[in-house]
Structure formats: C-alpha cells, structure tokens
Amino acid sequence: MFENYYADTINSKVLYEEATTIIPYGVSSNYRFFDPYPLYLKRGKGSKVWDVDGNEYIDFNLGFGVLEVGHSNEIVAEEVYNAFKESSILGFEYCKAIELAKIIKKRYNVDMVRFSSTGTEATMHSIRIARAYSRKKKIIKFEGHYHGSHDQLLVNVNPTKEGIVPSSLGIPEEVIKNTLIAEWNNLESFEKIIRENKDIGAVIMEPIAMNMGLIPTKLDFLKGVVELSRENNIVVIFDETKTGGKYNSGAAGYFNLEPDIKVIGKSIAGGLPLSVIAGKKEIMSVIGPGKVAHGGTFNANPLSVRAAIVTLEKILTENAFYHMHRLSEILESGYKDIAEDSKIELSVTRWGPSGSIYFLDKVPMSYKEFIKADFGKWGTYFFAMLSQGVIPMAGFNEQWTISIKHSEEDIRKHLECADNAIKLAKNKRTEVNLDESF
Ligand SMILES: NCC(=O)CCC(=O)O
C-alpha cells in the first residue's frame with residue numbers, strides 16, 4: 001500500500017532522512033510521525049495544503065483542528081501583521097488582553113480568565129488550580145482522553161495493556177500515583193473510584209472524546225459526572241482545547257452543563273498559539289503571587305490576542321458555524337452511504353464541524369471499544385486518501401474538521417476518494433502501530 005506514497009512523496013522521504021539526523025523521528029510532535037515516514041508540508045491556503053513534492057491536498061486535519069478559519073486566513077493575517085508592527089511581545093501586560101477576556105467571559109459564560117499558549121500548559125495549570133482550591137490531591141481522568149504532554153495526565157492515553165499505564169517513558173510511578181483512571185461513558189466506573197478513594201480534588205475530561213476519533217458522549221453520563229463531583233466537592237474541569245471552538249460556546253454550552261473550570265484552545269486564535277483557563281471567580285481567585293503559580297513568557301502576547309479577537313468577533317460567527325456544521329453533516333451522511341453500499345463494517349460519528357470513522361461494526365463508546373477497530377483497514381484507507389489528494393484526518397485516533405473555507409466541492413471530492421479508499425480497505429490491511437499514535 002505504500003507504493004503510491006513512496007512514488008508521490010520522494011522529497012518528504014529525503015527530508016525525513018535528513019531530519020532524523022537532527023530532530024528525533026524527524027518531527028517536532030510525536031503526533032506527526034507515521035510509518036514509513038511523515039509528510040513534510042510547505043504551505044497552506046484556505047482548505048488546501050501543499051507538500052514538498054508539490055502535491056496538493058484538501059486538508060481536513062487543519063492543524064489538529066486549529067484552523068477552522070482556514071489556512072492563512074486574510075482577516076487574521078492582516079490583524080497579525082498590524083499587531084506585529086506594534087510589537088509581538090511587550091513583556092508587560094498587553095492592554096488588549098482585557099478586551100479578549102471580556103469576549104471569552106460573555107461567549108463561554110465564565111467569570112474570570114487567564115491566558116496560556118497551548119492546551120498542555122492550560123490543562124497543567126488547571127489541575128494545580130483545582131488542587132489548590134479543593135485542597136485535595138487526587139485527580140480523575142478518563143481512559144483514552146488526551147490533555148496534552150505533561151506527566152500527571154499522560155496516563156492511559158492509549159494503553160495497550162491493562163492497569164495504570166504511563167503514556168511515555170520517563171514518568172515515575174510516584175508522579176502518577178495520584179491520577180485515577182475511569183472509563184468514559186460509564187458512570188459506575190466513575191462512581192466506584194469516588195467510593196473507593198478519598199482526597200479527590202478534580203476530574204478532567206474532554207467533554208467529547210477526541211483522541212479516539214470522535215466518541216459521542218452520553219448526556220446522562222456527563223450530567224452524572226458533574227452531579228457526583230458537586231456532591232463530593234470535586235472540581236470539574238472540561239478540557240475544551242478541541243471542543244471549545246467547535247460550537248459557539250463550546251461543548252459546555254452545547255450540553256448546557258457548567259464545569260468549574262474550562263480549558264479552551266486550538267481554533268479560537270485563528271491559527272496562533274493561545275489557550276484559556278477560565279472559570280468561576282472563587283476558583284480562579286486562587287491564582288496569584290504567593291498563591292497558585294501561573295506564568296508564561298508568551299502568555300497573551302499581542303499577536304495571539306489580536307488574532308483571537310478577530311477570530312471570535314469576526315470569523316467564527318453563527319453563520320460560520322452553520323456553514324461548517326452543514327458541510328460536516330453532508331460528509332457524515334456520505335460516509336454512512338459508503339458504509340452501507342460497500343457492505344463493510346464501518347461506523348461514523350460527528351459532532352459539529354468534526355467527525356470520524358471506525359472500521360468497526362458499531363460506534364465505540366469507550367477506549368476499550370475503540371481499540372477493537374480495525375486499524376489495518378484504516379491504514380489502507382489513509383494512504384489511499386493521501387494518494388488521491390485528501391488528508392482526511394491526522395491519524396486513526398483523530399477526526400476531520402471543516403473550516404469556513406471548505407466548499408461543497410471539497411466535500412464531494414472527499415467522499416469520492418473515500419468511496420475508492422474504503423473499497424480498497426475492505427480486502428487490504430496496512431498495519432499501523434498503535435504506539436506510534438503518541
Ligand atoms: N489529539 C492530539 C492533539 O491534538 C495533539 C497534537 C500535537 O500535540 O501535535
């Protein structure tokens with residue numbers, strides 16, 4: 001199955017070989033690596049990207065969901081250029097951070113806001129804030145959920161064995177002994193942990209699990225988690241790094257459930273690095289000198305702040321969501337038709353502008369069900385999509401995202417290619433390594 005990939009991406013291979021001599025695995029995030037070698041891209045515009053061999057792809061990965069505004073969005077580009085002319089970093093607080101905080105307060109129904117640059121930093125700080133507020137040290141996370149690349153939450157992200165499994169070498173047992181793991185969409189598993197453990201200060205979750213494709217959330221389960229947490233004085237953290245920008249007020253708004261802390265990131269700054277830790281005043285008030293540490297040289301830098309203001313105020317409007325959700329729905333139903341016509345075990349999920357497919361007879365609802373999917377078939381599908389000029393998603397554990405720049409024609413082409421790719425995958429497996437996903 002790699003034949004086309006080798007033939008089409010000669011320059012990526014050359015760059016990969018050079019890169020590995022100086023950058024481990026040739027990539028700056030493990031998520032970008034895949035066998036036999038990763039793609040090296042040169043530029044993007046709107047819904048498209050181009051690789052170093054000049055191949056054009058319709059991009060549905062969009063920087064792991066960052067670019068709902070599309071690549072190189074004109075409004076963002078102009079604002080960032082104007083901001084840069086007045087300095088990209090001032091070292092003191094940037095005056096417009098307050099304007100952005102007010103926009104977020106209103107849109108996401110929170111009292112107070114602090115800015116970081118990445119999802120990793122924001123979830124890391126959110127745990128510290130929750131522990132300081134609750135004065136309890138244990139935390140609960142869900143199996144298969146990803147909250148960035150820091151030790152305490154890098155546990156059971158993609159385990160290949162039973163038990164508590166660190167998702168990286170270099171994480172001592174002592175560091176994760178206060179991290180407890182529950183099963184997603186299973187309230188009993190969450191309840192059991194609360195019953196059997198004292199000293200639980202926080203629970204963190206992606207309200208829609210998006211590191212296992214896109215797993216639908218049972219509303220009763222989510223409500224139950226929030227209610228049980230309230231009863232037990234456990235701070236509820238919604239990690240909306242991905243979901244926050246997929247509906248006007250994120251998953252919390254969509255489910256009409258209010259966590260105590262929200263982490264928002266990825267798409268809200270139009271492609272620039274900015275993340276948000278936001279929440280109730282009494283909780284956020286633990287942050288400050290002599291209290292909870294929160295820092296970062298690049299936090300709320302003028303480029304990211306200005307990009308976020310125009311993204312939220314001018315680009316990610318109700319009309320934009322309507323467009324993205326509508327195209328995403330067409331993609332979802334097209335995949336369902338393909339599954340039916342090709343008589344292959346394929347399930348399809350969608351939430352707003354994003355969705356995913358599983359080579360499995362049903363939609364998985366937990367990590368244990370997710371890993372039953374046939375990733376070998378997914379591998380064949382993925383490389384067949386690339387060779388036809390479509391990046392459907394970044395990996396078998398990722399999802400598609402639609403931007404405001406995608407057109408119906410982009411969706412039509414995606415589905416035409418998917419039809420070919422899935423037919424090919426029916427009888428051909430291209431092994432992908434589960435561990436390589438992170
Ligand atoms: N679902 C995983 C990510 O979105 C992370 C991407 C990265 O760290 O490169």
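This is a short tour of a predicted model, going from an open sheet to a hairpin, then to the ligand and a loop.

Begin by selecting strands β1, β2, β3 and β13, which in that order make up an open sheet of four strands with mixed pairing. Colour β1 (41–45) and β13 (390–391) next: these two stand at the edges and have a single partner strand each, so one side of each is left without a neighbour in the sheet. Staying with β1, add β2 (residues 48–51), and you will find the two strands paired in the antiparallel sense over four bridges. To follow one of the pairings residue by residue, pick leucine 41, whose bridge partner in β2 is aspartate 51.

Now move to strand β11 (residues 347–351) and strand β12 (residues 354–358), which pair in the antiparallel sense over five bridges. Together β11 and β12 form a hairpin with two residues between them, and in the turn glycine 352 has a positive phi of about 60°. Select tryptophan 351 as well, since serine 354 in β12 stands opposite this residue.

Turn then to the ligand, and show Ser29, Tyr31, Phe64, Tyr146 and Asn211, the residues that surround the ligand. By class, this shell contains three nonpolar residues and two polar ones, with no charged residue.

Finish at isoleucine 22, in the loop between α2 (10–19) and β1. Is isoleucine 22 buried or exposed? Isoleucine 22 counts as exposed, because 7 C-beta neighbours lie inside 10 Å, and the cut-off for an exposed residue is 12 or fewer. Selecting isoleucine 208 too gives a pair 186 residues apart in sequence and 37 Å apart in space, C-alpha to C-alpha.

How values were computed: Residues numbered from 1 in each chain as written. Predicted model: local features only at pLDDT ≥ 70, side-chain atom pairs only at ≥ 80, totals over all residues. Pairing = 2+ DSSP bridges. Near = placed C-beta within 6 Å. Nonpolar A, V, L, I, M, F, W, Y, C, P; charged D, E, K, R; others polar. Buried ≥ 20, exposed ≤ 12 C-beta atoms within 10 Å, placed from the backbone.
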